[in-house]
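I opened a fresh page for this one and jotted things down as I looked them up. Come along and check each entry against the view.

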Amino acid sequence: MNPNHIGSQSQPGGASPVQPQVDTMREHYDFSEAQKNPYAKRLKKQVTIRVDESTLEYFHALANEMGIPYQTLINLYLRDCAARRKKLSLQWEPAA
């Protein structure tokens, strides 16, 4: 059986029972004048990030207080930092 096949059973000779529907849809829809999504730059990208447990707990609590998902809150905070061109100021204490 073809893993890319959509449907429950293959037809004899390898014909797909879905193919007539696909052909009909191709005739019905015309994307020749389609435009790119103008909001594509605003779409989100999934990333993996390691965050201290206490920091994550802080954002969870704040998000619950505000009634929004914590990942949305973190994204809003980071977006604000980027828009304001904030730079982190760290001062390290010398080791004893």
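My entries follow, from the overall fold to single side chains.

**Overall.** I am working with a predicted model. I looked up the secondary structure first and found three helices and zero strands. Reading from the N terminus, I noted the order α-α-α.

**Surface.** How much of the protein counts as buried? I got 5% of the 96 residues. The exposed area came out at about 10000 Å², with carbon and sulfur atoms supplying 53% of it.

**Helix α3.** I checked the length of α3, which covers residues 70-83. Its 14 residues should span 20 Å at 1.5 Å a residue, and the end C-alpha atoms are 20 Å apart, so the two agree. Just after α3, I found R85 with a positive phi of about 55°.

**Salt bridge.** How many salt bridges does the structure hold? I found one. It joins the side chains of R84 and D80, with 2.7 Å from N to O. I then looked up how open each partner is. R84 has a relative accessible area of 57%, and over 50% counts as exposed, so R84 is exposed. D80 comes to 28%, which lies between the 20% and 50% cut-offs, so D80 is partly exposed.

**Nonpolar patch.** Which residues make the nonpolar surface patch? I wrote down L88, L90 and W92, with a patch area of about 460 Å². I placed W92 in the segment after α3. Is W92 buried or exposed? Its relative accessible area is 72%, so I entered W92 as exposed.

Technical notes. Residues are numbered from 1 along each chain as its sequence is written. This is a predicted model: local features need pLDDT of at least 70, side-chain atom pairs count only at pLDDT 80 or more; totals for chains, interfaces and linings use all residues. Side-chain values use heavy atoms; hydrogens and water are left out. Helices (H or I, at least four residues) and strands (E, at least two) are DSSP runs, numbered from the N terminus. The expected span of a helix is 1.5 Å times one less than its number of residues. Buried means under 20% relative accessible area, exposed over 50%, partly exposed in between (1.4 Å probe, protein chains only). Accessible areas come from the Shrake-Rupley method with a 1.4 Å probe; for residues, only the protein chains shown count as cover. Patches are made of residues with over 30% relative accessible area and no salt bridge: like charges are joined within 9 Å, nonpolar side chains (Val, Leu, Ile, Met, Phe, Trp, Tyr) within 5 Å. A salt bridge is a side-chain nitrogen of Lys or Arg within 4 Å of a carboxyl oxygen of Asp or Glu.
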